[in-house]
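Reader: I'm new to this one. Could you show it to me and then let me ask some questions?

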Amino acid sequence: MNSIIWIICLILPLIFLFLKTRGHKNLPPGKLGLPLVGQSISLLRAMRSNTAEKWLQDRIARYGPVSKLSLFGKPTVFIHGPAANRFLFSSDSSSMVNQQTKSIQKILGDRNLLELCGEDHKRVRGAFMPFLKPDSLKQYVQRMDHEIREHIAMHWQGKKQVKVLPLAKILTFNIICSLLFGLERGRRRDKFVEIFQEMIMGMWSVPIDLPFTRYRRSLIASAKAQAIIVELIKEKKLQVEQNGPSSSRQDLITHLLSVRDEDGKEMLSEAEIAHNVMLVMIAGHDTSAVVITFIMRAMATEMAVYEAVLQEQEAIARVKGTGEALRWEDLAKMKYTWRVAMEVLRMYPPVFGGFRRAVKDIHYNGYIIPKDWQIFWETSKTHMDASIFPDPEKFSPERFENQASIPPYSYIPFGGGPRICPGNEFAKVEILSTIHHLVTKFTWKLSSPDISYKRDPMPEPHQGLSLYIFPKQSQ
């Protein structure tokens, strides 16, 4: 009986795709492949073997700049380049809307910013922005500085060898728990991090809900994570009722509970708060950890980059008192360090790509993108385009000295247009503060000549980037 159900589940999507494509002429070239699976497994394998860019290039060479395929259970059109990015990021909801893969949608929930459109997107994004804009972030710099110092004392000092990526993930998770959720150290936070790591493993996966799949394990972890978040929301809601709106700046959940519309009613539902807290967790945890790790990697392999970052950070440290925390004004002086981060984001973008959904038949580049099809965009084909970034394989922070010279929609690590990631300033504070403390307290060298990496789905250096570290005596 189970086998019959499984066969039906395979056949029905095939029939559906066949009927959907029959009525359309002038579809982009390409093949949809097997139902449900399509080219998903092939792409995921390429990502994990660090050949995804070649996978895309081979596809472009075979089918041209626009092609159809099937990814994660949906018929899809792949497009790339600055013009494609402009088309995607500047189009309004009358032609296309944001929509992630089914796996991401089910794991994060369908009321997160990646799924919302129109007035709902505007309302929820508007509730977030006061918390994440620079004027608000200024007051969190010193608290973040404290978290980084505690982390270094616990996980770096006294060690001869470290693995950077796992430690960076611990740090960014602790920062999120403390600053965004008000969840202090203890058993509940420790349990949360285990659940969270299981949850994110299935973010990009074929959405087959069977016991042996990564997708099923992530769904179970997601339900557990959301239960913890709902519990936190209820606790924070009670605090807001007792303390009033004056507590709205304490953490993100408290802030979102305190936001009111013009009639004095709560602007966000409990589900919208929970689902968007999940989104912020992903964005603030993995992306920042990856960038911190690849900055450390660049400084271990590019001596000129290391010396320039060190010089900038030591100049900031020299004018501060012993143990004095970083301030917003200090971060503004880290111009070269941020250019290094931008170059890391160009060469090793944490977000490989994303999806939108056509809400009507769309004419693009001589082809029809049918209604309800996915549109897949990715970052590397633009970031590594030699006509935009000369000598793209070379690590060169200097290319960002004059950012105005970079064509619009050519550099998209945080997306673009009105849907640019609202947490990019928070990530900037997190990354710069961490690099400051690491470079002023330690020197390091690679413990292995192997600097390869894979994507799963974000970049992961071989062995998590293992380093020998040496404390600076003056520190």
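**Asp456 and its surroundings**

Author: Let's start at one spot: leaving out residues up to four places away in sequence, Asp456 touches Arg48, Met201 and Arg214, where a contact means heavy atoms within 4.5 Å. Before you ask more, this is a predicted model, in which local features need pLDDT of at least 70, side-chain atom pairs count only at pLDDT 80 or more, and totals for chains, interfaces and linings use all residues. Residues are numbered from 1 along each chain as its sequence is written, and side-chain values use heavy atoms, with hydrogens and water left out.

Reader: Is Asp456 buried or exposed?

Author: The scale here is relative accessible area: buried means under 20%, exposed over 50%, and partly exposed in between, using a 1.4 Å probe and protein chains only. Asp456 sits in the loop between β10 (453–455) and β11 (459–461), with strands being DSSP runs of E with at least two residues, helices runs of H or I with at least four, both numbered from the N terminus. Its relative accessible area is 13%, so Asp456 is buried.

Reader: How far apart are the C-alpha atoms of Asp456 and Leu44?

Author: Along the chain, Asp456 and Leu44 are 412 residues apart. In space, their C-alpha atoms are separated by 7.8 Å.

Reader: How many salt bridges does the chain have?

Author: Side chains of opposite charge can pair when their charged atoms come close. The rule used is a side-chain nitrogen of Lys or Arg within 4 Å of a carboxyl oxygen of Asp or Glu. By this rule, the count is 19.

Reader: Which residue forms a salt bridge with Arg346?

Author: Look in helix α16 (residues 335–347), where the two partners are three residues apart and therefore separated by about one helical turn. Arg346 is buried at 0% relative accessible area, and the partner counts as buried at 0% too. The closest N and O atoms are 2.8 Å apart, and the partner is Glu343.

Reader: What about Glu266: which side chain does it meet in a salt bridge?

Author: This pair links distant parts of the chain, 29 residues apart: Glu266 lies in the loop between α12 (252–258) and α13 (270–301), and the partner in helix α11 (residues 214–243). Glu266 is partly exposed, with 34% relative accessibility, and the partner is partly exposed at 31%. The N to O distance is 3.7 Å, and the partner is Lys237.

Reader: Which side chain of opposite charge is nearest to Lys381?

Author: Find Lys381 in helix α17 (residues 380–383). Not counting residues up to four places away in sequence, Lys381 touches Glu53, Leu56, Gln57, Ile60 and His80. Lys381 is buried yet has no salt bridge; for charges, Lys and Arg count as positive and Asp and Glu as negative, while His and the chain ends are not counted. The nearest side chain of opposite charge, 6.5 Å away, is Glu378.

Reader: Zooming out, what is the radius of gyration of the chain?

Author: The C-alpha atoms fill a box of roughly 70 × 55 × 45 Å along the principal axes. The globule rule, 2.2 Å times the number of residues to the power 0.38, goes with a radius taken over C-alpha atoms. For 475 residues, a compact globule would come out near 23 Å, and the chain agrees, at 23 Å.

Reader: And how much of the chain do buried residues make up?

Author: The chain has 18 helices and 12 strands. Out of its 475 residues, the buried share is 54%.
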